Amino acid sequence: MGTMAIVNTEPTSITAGDSVAWTRSLSDYPASAGWSLSYTLINAAAKITINASAAGDDHAVSVSAATSSVWTAGDYTWQGAVTKGSERYTVGSGSLTIEKSFAAQTTLDTRSTARTMLE
């Protein structure tokens, strides 16, 4: 297995139980000037907070497999925000899906919802 490339944008899908990493460059809010980047993922059932760390001017996001393994699968809306002292600015938003990990499942039902209801 090779290592995953670290991308420069937020993911659109994460598998629970996987390591996740990305880097954001925000020229107006460099980490080297004291800006901190965090993400909030939210849906009707759960809220997840992810904090980036400074990597020079960039903001590096790294989530361990152990951390993501407890995340609830589903569709989430996210916002990214930078803070410095009493200042806070939203710097992005979007949506992503947290997929179930097959490793955490004991069985897999591949029937459609219609088939499940019929049976």
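Start your tour at Ser-68: setting aside residues within four places in sequence, this serine is in contact with Thr-15, Ala-16, Gly-17, Asp-18 and Val-63. Keep in mind as you click around that you're looking at a predicted model. Ser-68 sits in helix α1, which covers residues 65–68. With a relative accessible area of 0%, Ser-68 is buried, because the cut-off for that label is under 20%.

Now select Ser-101. You'll find it in the loop between β8 and α2 (113–118). Leaving out residues up to four places away in sequence, Ser-101 touches Thr-15 and Ala-16. Those two names also turned up in the contact list of Ser-68. Ser-101 is buried too, at 16% relative accessible area.

**Zoom out**

Colour the whole thing by secondary structure. You should have 2 helices and 8 strands. Going along the sequence, the pattern reads β-β-β-β-β-β-α-β-β-α. The protein has 119 residues, and 29% of them count as buried. Its accessible surface is about 7700 Å², with 51% of that belonging to carbon and sulfur atoms. How much of the contact network joins residues at least 24 apart? Taking contacts between residues at least 6 apart in sequence, the share is 56%.

**A three-strand sheet**

Show β2, β6 and β5 as a cartoon. They make an open sheet in the order β2-β6-β5, with antiparallel pairing. β2 and β5 (53–55) are the edge strands, each with a single partner, so one side of each has no neighbour in the sheet. On average, neighbouring strands here are turned by 30° against each other, ignoring direction. Look closely at β2 and β6: they run antiparallel and share 5 bridges. Trp-22 has Val-61 in β6 as its bridge partner.

**Along β3**

Next, pick β3 (36–42). Which residues are on its covered face? Leu-37, Tyr-39 and Leu-41 are, while Ser-36, Ser-38, Thr-40 and Ile-42 make up the uncovered face. β3 pairs with β7 in the antiparallel sense over 7 bridges. The strand is also joined to β4, again antiparallel, by 5 bridges. A hairpin of 4 residues takes you from β3 to β4.

Stay on Tyr-39 for a moment. Over in β7, Gly-80 stands opposite this tyrosine, and in β4 the residue opposite is Ile-50. Leaving aside neighbours within four places in sequence, Tyr-39 has contacts that include Glu-10, Arg-24, Ile-48, Val-61 and Gln-79. Trp-22 and Trp-78 are on that contact list as well, and together with Tyr-39 they form one aromatic cluster.

**Into the core**

Tyr-39 is a good way into the largest nonpolar core, which has 21 residues. Select Tyr-39, Leu-41, Ile-50 and Ile-98 to see the members with the most contacts inside it. The elements giving two or more residues to this core are β2 (20–24), β3 (36–42), β4 (47–51), β6 (58–63), β7 (74–84) and β8 (87–99). As background, nonpolar side chains tend to be buried together in soluble globular proteins.

**Ring pairs**

Show the aromatic side chains next; there are 5 aromatic pairs to find. Try Tyr-29 and Trp-35: their ring centres are 4.9 Å apart and their planes are at 80°, so this pair is edge-to-face. Trp-35 also pairs with Tyr-89, with centres 5.9 Å apart and planes at 55°, so that one is tilted. The Trp-35 and Tyr-89 pair links distant parts of the chain: Trp-35 is in the loop between β2 and β3, Tyr-89 is in strand β8, and 54 residues separate them. Are these two partners buried or exposed? Trp-35 is buried, with a relative accessible area of 10%, while Tyr-89 is partly exposed at 35%.

**Last stop: Leu-26**

Finish with Leu-26, in the loop between β2 and β3. Its relative accessibility is 11%, so Leu-26 counts as buried. Not counting neighbours within four places in sequence, Leu-26 is in contact with Leu-37, His-59, Val-82 and Val-91. For one more distance to check in your viewer, take the C-alpha atoms of Leu-26 and Asp-57: they're separated by 7.9 Å, with the two residues 31 apart along the chain.

Notes. Residues numbered from 1 in each chain as written. Predicted model: local features only at pLDDT ≥ 70, side-chain atom pairs only at ≥ 80, totals over all residues. Heavy atoms only, no water. Core = buried A, V, L, I, M, F, W, Y, C linked by side-chain atoms within 4.5 Å. Buried < 20%, exposed > 50% of the residue type's maximum accessible area, 1.4 Å probe, protein only. Contact = heavy atoms within 4.5 Å. Phe/Tyr/Trp six-rings, centres within 6.5 Å; stacked < 30°, edge-to-face > 60°. Areas by Shrake-Rupley, 256 points an atom, 1.4 Å probe, with all protein chains shown as cover. Pairing = 2+ DSSP bridges. Axes fitted to C-alpha atoms, helices over the stretch in contact; angles between N-to-C directions.
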